[in-house]
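User: Please take a close look at one part of this structure and explain slowly how its aromatic rings are arranged and what surrounds them. I am in my first year, so please give the cut-offs for each term as you go.

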Amino acid sequence: SGIKEGDVLVLQDATTNSYNTYRNYHEGEFIQVAGISGTTLTLVNPLYGNYIADHIANCHIYKYNMHTCKVANGNFAMQRSGSVSERTLIRGYALINSEISSIVGDGIDINVALELSYNCEVSKCVFHNDLVTYSGRQLDQYGVTIANSQFVNVWQIHGVCGNHIVCITGTTIVSRFVNFIDCSGDTGKDNYYGMNTHGCGEYITFLRCQTNGIDLGGDYLTLQDCIINPNRNPGIAISLYEITGYNIKIENCEIKGLIHNRNTTMSGVNRTLAKHTFTMHNCRWENTGASELCRRTAFDEPVEVLIDGCTLKGTSGSMQIGATTFVYKISNCQIYDFLFNIYKVERISFINNYIKNSSVGRLINTNNNGVAIQEFAMIGNEFESESSYKDISLLYMGAACPLMRIENNLIKKLNGSGFVLECSGTSVWAEKAVVNDNTWWINSNYAKIRATTFYNDNNFLIGTAGHLLLETT
């Protein structure tokens with residue numbers, strides 16, 4: 001009763017851990033009433049949440065007393081005395097169509113906090129936390145926190161905070177459609193991140209942001225035109241934690257540091273998806289250690305990982321590629337000293353890339369933990385090795401592969417010794433190997449090419465210092 005057309009309500013599944021178990025996050029969202037017929041509500045937008053039939057008795061609709069306000073042009077500083085806990089400067093609770101702008105905060109623990117708010121904006125703020133310690137611990141300090149809210153734009157937020165300059169948090173309902181635009185900031189703590197989304201957000205976008213480390217949780221996440229540097233310690237640029245799905249898009253970004261997956265199996269996520277899609281497009285990524293984009297999901301759901309048009313440089317590390325239901329496609333990239341360590345994937349392909357190696361022993365290492373890659377393809381690539389490593393390999397196969405295609409590649413081995421292509425011991429390299437129309441340029445003192453089935457229409461160019469051994473297993 002008391003509900004009318006145009007009202008904005010809150011739908012919540014009050015069941016414990018109804019969204020996921022990371023921190024007892026609840027499924028829920030804002031809904032806007034378009035029409036009423038008896039006890040039936042017609043909504044302006046479709047439901048975005050996943051509501052489980054067994055939880056229906058615990059699903060409730062709440063009508064909050066929503067407020068509209070505008071807060072602008074304030075300059076604030078906190079004067080501390082004694083042992084005080086975190087304090088909030090502006091707390092917007094149950095706001096609708098509201099604006100907070102042009103706030104300067106100095107030494108304040110939580111500068112702006114929006115909670116259970118709808119269609120709001122926070123903009124043009126600068127925050128400086130003093131990174132103080134009380135009662136033996138450093139206080140948690142934030143610039144802008146968004147909790148249990150929907151349709152929020154946060155733009156031109158700048159500063160340094162103990163925890164995060166911008167953050168998605170809250171356990172009451174899932175925050176959805178939150179945009180962080182033209183924001184920049186750093187954290188003052190080791191092992192923290194300048195920007196953060198916990199496992200309670202969906203459809204979260206970071207556009208033209210710059211930060212030292214970003215911690216991603218939730219699902220349907222976008223990083224576009226961002227500059228992401230490593231956090232203070234241990235040098236992570238992007239952390240994947242409290243992930244509820246791998247629908248992640250990273251586009252036109254500059255990334256320096258690790259991409260670190262702290263999420264294991266998503267076992268506490270109360271939903272399944274027909275497919276996840278992780279894309280990285282037109283990015284520059286300088287990897288500084290052992291990175292890992294995705295791990296398996298609890299339900300072995302299909303995950304497609306597309307890396308296209310990127311420049312990938314590995315200064316001292318590798319990228320692990322894994323999960324039994326994953327499909328990887330790496331295409332049109334410039335790749336330098338970047339080791340791909342592949343394990344337990346279903347299909348992987350390298351298409352039209354330029355790959356140059358001068359410091360790592362293997363470019364593509366498919367030690368698949370005893371699980372066969374079902375399909376492997378290298379098509380239209382240019383590979384160039386100047387490594388002095390004794391055991392340099394373009395491709396190392398550690399388990400059988402039912403179907404393999406190596407076609408139309410230009411393969412150069414200029415220095416060093418060892419294998420060009422290598423399999424593990426006497427294991428079968430491929431049951432159905434197609435090795436066609438490649439050009440092999442060998443100018444090293446020892447190079448071995450080993451495969452099960454060879455070789456149609458391959459062109460071998462052997463330099464004056466080159467020796468080549470072809471071997472079938």
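Analyst: Phenylalanine 177 counts as partly exposed because its relative accessibility is 22%. On this scale, buried means under 20% relative accessible area and exposed over 50%, with partly exposed in between (1.4 Å probe, protein chains only). The model is predicted, so local features need pLDDT of at least 70 and side-chain atom pairs count only at pLDDT 80 or more, whereas totals for chains, interfaces and linings use all residues. Residues are numbered from 1 along each chain as its sequence is written, and side-chain values use heavy atoms, with hydrogens and water left out.

We can now turn to the rings themselves. A pair of aromatic rings is described by the distance of the centres and the angle of the planes. Rings of Phe, Tyr and Trp (for Trp, the six-membered ring) pair if their centres lie within 6.5 Å, and a pair counts as stacked when the planes are under 30 degrees apart, as edge-to-face when they are over 60 and as tilted for the rest. The structure holds 15 such aromatic pairs. One of them joins phenylalanine 30 and tyrosine 118, and because the ring centres are 5.4 Å apart with the planes at 45°, this pair is tilted. Phenylalanine 30 lies in strand β2 and tyrosine 118 in strand β9 (residues 118–128), so the pair ties together parts that are 88 residues apart in sequence. Strands here are DSSP runs of type E with at least two residues, numbered from the N terminus.

Both members of this pair can be placed on the burial scale. Phenylalanine 30, with a relative accessible area of 4%, is buried, and tyrosine 118, at 7% relative accessibility, counts as buried as well. Phenylalanine 151 and phenylalanine 177 form another aromatic pair, and it is stacked, with 5.2 Å from centre to centre and 15° between the planes. Since phenylalanine 151 lies in strand β13 and phenylalanine 177 in strand β15 (residues 175–181), this pair ties together parts that are 26 residues apart in sequence. Phenylalanine 151 has a relative accessible area of 24% and is therefore partly exposed. Ring pairs link both sets of partners into a cluster made up of Phe30, Tyr48, Tyr118, Phe151, Phe177, Tyr203 and Tyr220.

Several of these rings also take part in the wall of an enclosed space. On a 1 Å grid over the protein atoms alone, a cavity is a set of points where a 1.4 Å probe fits but cannot get out, and its lining residues have an atom within 4 Å of a point. Grid points are joined across faces, edges and corners, and a volume is the space filled by probe spheres set on the points. The structure holds two cavities of 30 Å³ or more, and the second largest has a volume of about 60 Å³. The lining of this second largest cavity includes Phe30, Tyr48, Tyr118 and Phe151, together with residues such as Glu29, Leu43, Pro46 and Gln150. Strands β2 (28–37) and β13 (150–161) each supply at least two lining residues, and β2 gives the largest share, four residues. By type, the lining divides into eight nonpolar, three polar and one charged residue, where Ala, Val, Leu, Ile, Met, Phe, Trp, Tyr, Cys and Pro count as nonpolar, Asp, Glu, Lys and Arg as charged, and the others, Gly among them, as polar.

It helps to set this part beside the cores. A nonpolar core is a set of buried Ala, Val, Leu, Ile, Met, Phe, Trp, Tyr and Cys residues joined through side-chain atoms within 4.5 Å. The largest nonpolar core has 83 residues, of which Phe180, Phe206, Ile238 and Phe376 touch the most other members. A second, separate core has nine residues, and Phe30 and Tyr118 are included in this second core along with Val8 and Ile96. In soluble globular proteins, nonpolar side chains tend to be buried together.

One last detail concerns asparagine 119, which is found in strand β9. Its phi is near 55°, a positive value in a residue other than glycine. At 40% relative accessibility, asparagine 119 counts as partly exposed, whereas tyrosine 118 is buried at 7%.

Key. On a 1 Å grid over the protein atoms alone, a cavity is a set of points where a 1.4 Å probe fits but cannot get out, and a pocket is an open set with protein on both sides within 12 Å along at least five of seven lines; lining residues have an atom within 4 Å of a point.
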